[in-house]
Amino acid sequence: MMNEILNLKNVSLAYQTDTDEIRALDSVSFGVGNGEFVAIIGPSGCGKTSVLSIIAGLLKPSGGKVTLYGEEIKKGKNSIGYMLQKDELFPWRTIEQNAYLPLEVKKIKNETEKRKVDVLLKKYGLWEFRKKFPSQLSGGMRQRAALIRTMASSPDLLLLDEPFSALDYQTRLTVCDDLYDIIKKEKKTTLLVTHDISEALSTADRIVVLSKRPSKVLNIHIIDLDKTVSPLKRREDPRFSRWFERLWRELNHD
């Protein structure tokens with residue numbers, strides 16, 4: 001595998017309730033290589049988003065270790081961009097102001113960094129809409145703006161939590177192509193959580209399959225579909241349906 005930058009080793013997570021302890025994750029281990037696109041799939045409620053929250057430093061694991069470049073994850077101290085299910089753009093800020101937000105949060109007032117964001121807006125077709133508000137843009141364009149905002153502070157790792165789930169099916173396919181193209185051109189290491197097997201297959205270099213709760217890693221698959229074509233084109237590959245069936249069986253095996 002290519003040079004690994006993210007590593008999860010025996011990560012577990014338990015929630016304490018008034019009467020019981022709920023085990024969400026049980027000894028989850030996998031790595032992500034530099035420049036790699038990895039997807040996580042698993043049954044509903046298995047803790048996929050919890051894995052992302054732990055990597056982002058928003059949740060503390062009950063056991064195990066998560067490292068980025070060999071250093072333990074600390075909240076707000078690591079170069080990680082987290083894109084949520086909805087675009088979460090502030091409606092009272094323009095697209096440009098939304099894109100600059102991570103720089104403001106990190107108190108980066110460097111004009112060079114702002115110019116980098118401007119370059120992304122120009123490169124990916126949002127420059128002429130930079131003074132518009134989110135409500136004036138289509139769902140697909142808002143997702144593009146949200147991704148540019150996520151990349152504004154030049155994170156080493158992108159975490160995507162079902163970024164297409166709020167869109168209708170036709171728009172999802174287009175936006176998936178759109179965002180995948182940006183991620184590949186910018187050479188970003190990416191970890192995607194999705195409940196959609198087809199989405200995972202059409203984007204990922206490898207797929208991590210999680211079991212029912214408490215989640216363990218059932219399997220890690222290297223996906224041998226053509227990585228030089230778009231996600232939409234990848235769905236036309238004859239191997240795609242075979243992979244889909246294999247993963248579906250794995251997820252639905254008791």
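**Entry 1: Thr94**

I began with Thr94, which I found in the loop between β6 (80-83) and α2 (95-105). I note at the outset that the model is predicted. I then asked whether Thr94 is buried or exposed. Its relative accessible area is 9%, and because the cut-off for buried is under 20%, Thr94 counts as buried. I also looked up its contacts, leaving aside neighbours within four places in sequence. Thr94 touches Arg130, Lys131, Lys132 and Phe133.

**Entry 2: the open sheet**

I traced an open sheet of four strands, and I recorded the order β2-β1-β4-β5 with antiparallel pairing. Which strands stand at the edges? They are β2 (21-33) and β5 (71-72). Each has a single partner strand, so one side of each is left without a neighbour in the sheet.

I next followed the pairing of β1 (residues 4-16) with β2, where nine bridges join the two antiparallel strands. In that pairing I located Leu6 opposite Val32 of β2. Helix α1 (residues 48-55) packs on this sheet and touches β1, β2 and β4 (63-68). I noted that the direction of α1 makes about 115° with that of β1.

**Entry 3: strand β8 and its partners**

I turned to β8 (189-193). How many of the residues of β8 are buried? Five of the five are, so I describe β8 as largely enclosed by the rest of the structure. Thr189, Leu191 and Val193 point one way from the strand, while Thr190 and Leu192 point the other way.

I then looked up the pairing of β8. Strand β3 (residues 37-41) pairs with β8 in the parallel sense over four bridges. Strand β7 (residues 157-161) also pairs with β8 in the parallel sense, over five bridges. Val193 of β8 appears in both registers that I checked: Ile40 stands opposite Val193, and Asp161 stands opposite Val193 as well.

**Entry 4: Glu186**

I placed Glu186 in the loop between α5 and β8. At 24% relative accessibility, Glu186 counts as partly exposed. Leaving aside neighbours within four places in sequence, I found Glu186 in contact with Leu120, Lys123, Tyr124 and Met151. For Leu120 I also recorded the separation from Glu186: they are 66 residues apart in sequence and 9.5 Å apart in space, C-alpha to C-alpha.

**Entry 5: cavities**

I searched for enclosed space and counted two cavities of 30 Å³ or more.

The largest cavity holds about 50 Å³ of space. I listed its lining as Tyr169, Arg172, Leu173, Cys176, Asp196, Glu199 and Arg235. Which helix gives the most to this lining? Helix α5 (residues 169-185) does, with four residues. By class, I found three nonpolar, no polar and four charged residues in the lining of the largest cavity.

The second largest cavity holds about 30 Å³ of space. Its lining is made up of Phe37, Leu160, Phe164, Cys176, Leu179, Tyr180, Ile183 and Thr203. Here too I found that α5 gives the most, with four residues. The lining of the second largest cavity divides into seven nonpolar, one polar and no charged residues. I noted finally that Cys176 is listed in the linings of both the largest and the second largest cavity.

Note on methods: Residues numbered from 1 in each chain as written. Predicted model: local features only at pLDDT ≥ 70, side-chain atom pairs only at ≥ 80, totals over all residues. Heavy atoms only, no water. Pairing = 2+ DSSP bridges. Contact = heavy atoms within 4.5 Å. Axes fitted to C-alpha atoms, helices over the stretch in contact; angles between N-to-C directions. Buried < 20%, exposed > 50% of the residue type's maximum accessible area, 1.4 Å probe, protein only. 1 Å grid on protein atoms, 1.4 Å probe; cavity = no way out; pocket = protein on both sides within 12 Å on 5 of 7 lines; lining within 4 Å. Points joined across faces, edges and corners; volume = space filled by probe spheres on them. Nonpolar A, V, L, I, M, F, W, Y, C, P; charged D, E, K, R; others polar.
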